[in-house]
Amino acid sequence: MRRVFLFISILFVVLYAVFPFYWAVNGSLQPSQNLFRTPADYLPVPPDFQSYGTALKNENFPIAIRNSAIVAGGATLLSLAIAVLAACALARFRMRGSGVVLAAVLGMTMFPQISVVGALHSIITRLGLYNTLTGLILSYLLFTLPFTVWVLTHFLRQLPRELEESAYIDGAHPLQVLWHVLLPLAIPGVATTGLLAFIAAWNEYLFALSFTITDNVRTVPVVIAGFVGGGLHEVPWGPIMAAAVMVTLPLVLLVFIFQRKLVEGMTAGAVKE
Amino acid sequence: MSARSSPKERPFSLAQREERLGWILLMPAILVLILVGLLPLIHTFTVSLTNAYMASGREPRMTWFHNYQMIVRDSEFWLALRNTLLFTASSVTLEMILGMGIALVLNSKFRGRGLVRAAVLIPWALPTAVSARVWSYMLVDTYGVINDLLVTRLHLLDEKIAWLARPGSAMASMVIIDVWKTTPFVALILLAALQLIPRQLYEAADVDGATAWQKFTRVTLPVLRPAILVALVFRTLDAMRVFDVIWVLTRGEMRTESLATYNFRHMVDFRNLGYGSAVSVVIFFVIALLVAVYMMLLQKKDND
């Protein structure tokens with residue numbers, strides 16, 4: 001009896017989590033007129049790929065994918081480079097005030113982005129980076145950096161100390177310990193943190209909306225959220241769903257492949273082990 | 001400085017070297033955060049004391065706290081605040097309950113558990129703006145699938161609901177979308193904590209003849225308290241800053257504004273830099289207050 005209850009619960013959970021994604025896939029594979037019909041069509045058989053063609057022919061969409069990749073990748077790499085150094089310091093070196101810095105970092109992960117949109121707009125414009133991918137990457141550091149520092153610090157704290165201690169006993173300088181012991185050990189944590197930061201940067205909407213104005217610089221969330229198609233009255237749901245699927249399918253695959261690592265990173269620092 | 005010199009010969013102790021190197025390593029991060037966080041915040045505060053407009057050409061004048069007075073007098077601001085608080089309370093409550101349920105399900109042993117866990121992660125991994133667009137298609141009153149299921153297929157309701165056409169149902173939709181997206185996060189934090197509970201605690205409760213509900217309230221919940229608190233903190237602060245789902249669904253129209261969309265409209269659409277900056281400062285202090293409260297609660301948790 002308990003097994004039956006469990007099975008039904010699992011079914012509900014999976015349906016609840018996956019249905020919207022399934023609906024996007026369904027919508028992307030139906031001929032356009034079906035999308036406005038009621039009752040709705042639940043199975044896309046035979047599948048009609050016309051929406052995908054329309055979405056890809058719209059120049060903004062492939063360009064948006066490229067832009068998102070550059071911005072998310074750039075912000076992630078830059079954050080990781082800075083964060084891994086900071087995390088090594090916070091996790092392993094004895095420093096007065098490191099507790100305060102860590103608390104400030106945690107506080108910054110909760111920083112309201114909307115509060116600095118105006119000011120960042122001025123700063124970015126003054127640097128000549130308005131409506132550029134570089135400007136966007138720079139602004140993204142506001143939320144990727146505190147997050148990566150926090151998660152990496154947590155990861156590094158859990159590493160065994162024996163290697164460092166024996167290095168110090170051998171008379172090593174902290175810089176050598178950093179280069180030869182800490183950084184190599186940090187690599188798995190860096191990979192996980194990078195994945196999480198990439199997802200966060202890829203999904204970002206507010207800054208992307210505020211700091212870009214022309215289609216050649218816009219990122220995927222902005223383009224898909226704002227896609228209104230041609231001059232017709234009806235919203236082009238087919239191409240929108242196709243675009244959504246093309247963008248989210250890689251994310252879904254990433255989740256399936258890396259779910260263990262993702263969960264580790266997500267719960268980092270949240271639960272004491 | 002050679003690596004093999006004896007401790008007596010080195011001019012600095014190991015502790016001093018560690019500390020110095022540590023601060024050097026921290027410098028880039030601190031500098032970047034000052035550049036993109038602290039400086040903009042200060043700039044926002046100073047602009048809030050003026051009547052600046054974006055690209056107006058004229059020099060902004062100091063108006064001191066005039067903008068703040070205007071905020072207090074704007075009924076739309078109070079509506080945005082009310083909406084945000086209501087949104088936060090509803091979504092966080094639902095997320096905690098659903099998250100707990102999903103965590104309990106995932107804590108059971110069954111084949112394919114990894115796949116289910118991965119499926120549960122999907123809402124969290126997708127861009128909010130994209131998910132919101134898909135949901136807005138699902139919520140269309142005439143041909144959307146939600147109404148199709150509720151009315152046409154399952155006959156749970158008599159009439160189709162125009163979800164996005166009225167403030168109440170629009171806000172309810174936004175809460176549902178937000179809950180859908182962020183419950184995975186809560187569920188996984190609670191699951192991580194659940195998996196650490198030693199079986200002996202449950203076995204002891206069984207010996208005492210405890211029912212499933214008693215086991216849940218007397219064993220599970222108390223041990224889970226720290227994790228619940230952490231999930232509560234993160235989710236509350238995220239919900240208070242809500243922007244994406246509201247902007248994509250209604251652009252804050254029809255009385256569905258949140259603090260963030262209200263701020264965005266005044267700052268970007270109306271180009272009122274002075275007023276917008278004042279709103280930004282208010283939002284910052286509201287969030288900062290919550291962060292301070294939660295930091296204290298978390299400190300207390302660590303001391304328990």
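## A walk through the helices, the core and the empty spaces

Start with Ala205(B): leaving aside residues up to four places away in sequence, it touches Ala210(B), Lys215(B) and Val219(B). Keep in mind that this is a predicted model. Ala205(B) sits in helix H8 of chain B. Is Ala205(B) buried or exposed? Its relative accessibility is 10%, and because the cut-off for buried is under 20%, Ala205(B) counts as buried. If you look for Leu154(B), which is 51 residues away along the chain, you'll find its C-alpha atom 42 Å from that of Ala205(B).

Helix H8 of chain B also takes you to the largest pocket, since it is one of the elements that supply at least two residues of that pocket's lining. The others are H1 (2-28) of chain A, plus H3 (75-107) and H9 of chain B. The pocket holds about 1200 Å³ of space. Its lining runs to 26 residues, and nearest the centre lie Arg2(A), Leu104(B), Asn107(B), Ser108(B) and Tyr202(B). Which helix gives the largest share of this lining? That's H3(B), with six residues. Sort the lining by class and you get 12 nonpolar, six polar and eight charged residues.

Now for the enclosed spaces. Rolling a probe the size of a water molecule over the atoms reveals where empty space remains. How many cavities of 30 Å³ or more does the structure hold? There are six, and the largest has a volume of about 1400 Å³. Its lining is made of 46 residues, with Gln113(A), Ala200(A), Arg235(B), Asp238(B) and Arg241(B) nearest the centre. By class, that lining comes to 31 nonpolar, eight polar and seven charged residues. Both chains contribute to it: H4 (98-109), H6 (133-157), H8 (174-203) and H11 (237-266) of chain A each supply at least two lining residues, and so do H7 (167-194), H9 (212-240) and H10 (244-250) of chain B.

Step back and take in chain A as a whole. Its secondary structure amounts to 11 helices and zero strands. Along its principal axes, the C-alpha trace covers about 75 × 65 × 30 Å. Chain A has 273 residues, and 56% of them count as buried. Look at its contacts between residues at least 6 apart in sequence, and 75% turn out to join residues at least 24 apart. The accessible surface of chain A is about 12100 Å², with 70% of that belonging to carbon and sulfur atoms.

What about the interior? In soluble globular proteins, nonpolar side chains tend to be buried together. Here the largest nonpolar core has 189 residues, and those with the most contacts inside it are Phe93(A), Tyr140(A), Tyr205(A), Phe207(A) and Trp124(B). Zoom in on Tyr205(A), again skipping residues up to four places away in sequence: within chain A it touches Pro221(A), Val222(A) and Ala225(A), and across in chain B it touches Ala129(B), Phe243(B), Asp244(B), Trp247(B) and Val248(B).

One last stop is Glu19(B), which lies in helix H1 (residues 14-48) of chain B. Is this glutamate buried or exposed? Glu19(B) has a relative accessible area of 17%, so it counts as buried. Its contacts, not counting residues up to four places away in sequence, are with Arg94(A), Met95(A) and Arg96(A).

Technical notes: Residues numbered from 1 in each chain as written. Chains lettered and ligands numbered in written order. Predicted model: local features only at pLDDT ≥ 70, side-chain atom pairs only at ≥ 80, totals over all residues. Heavy atoms only, no water. 1 Å grid on protein atoms, 1.4 Å probe; cavity = no way out; pocket = protein on both sides within 12 Å on 5 of 7 lines; lining within 4 Å. Points joined across faces, edges and corners; volume = space filled by probe spheres on them. Helix = DSSP H or I, 4+ residues; strand = E, 2+ residues; numbered from the N terminus. Nonpolar A, V, L, I, M, F, W, Y, C, P; charged D, E, K, R; others polar. Buried < 20%, exposed > 50% of the residue type's maximum accessible area, 1.4 Å probe, protein only. Contact = heavy atoms within 4.5 Å. Areas by Shrake-Rupley, 256 points an atom, 1.4 Å probe, with all protein chains shown as cover. Core = buried A, V, L, I, M, F, W, Y, C linked by side-chain atoms within 4.5 Å.
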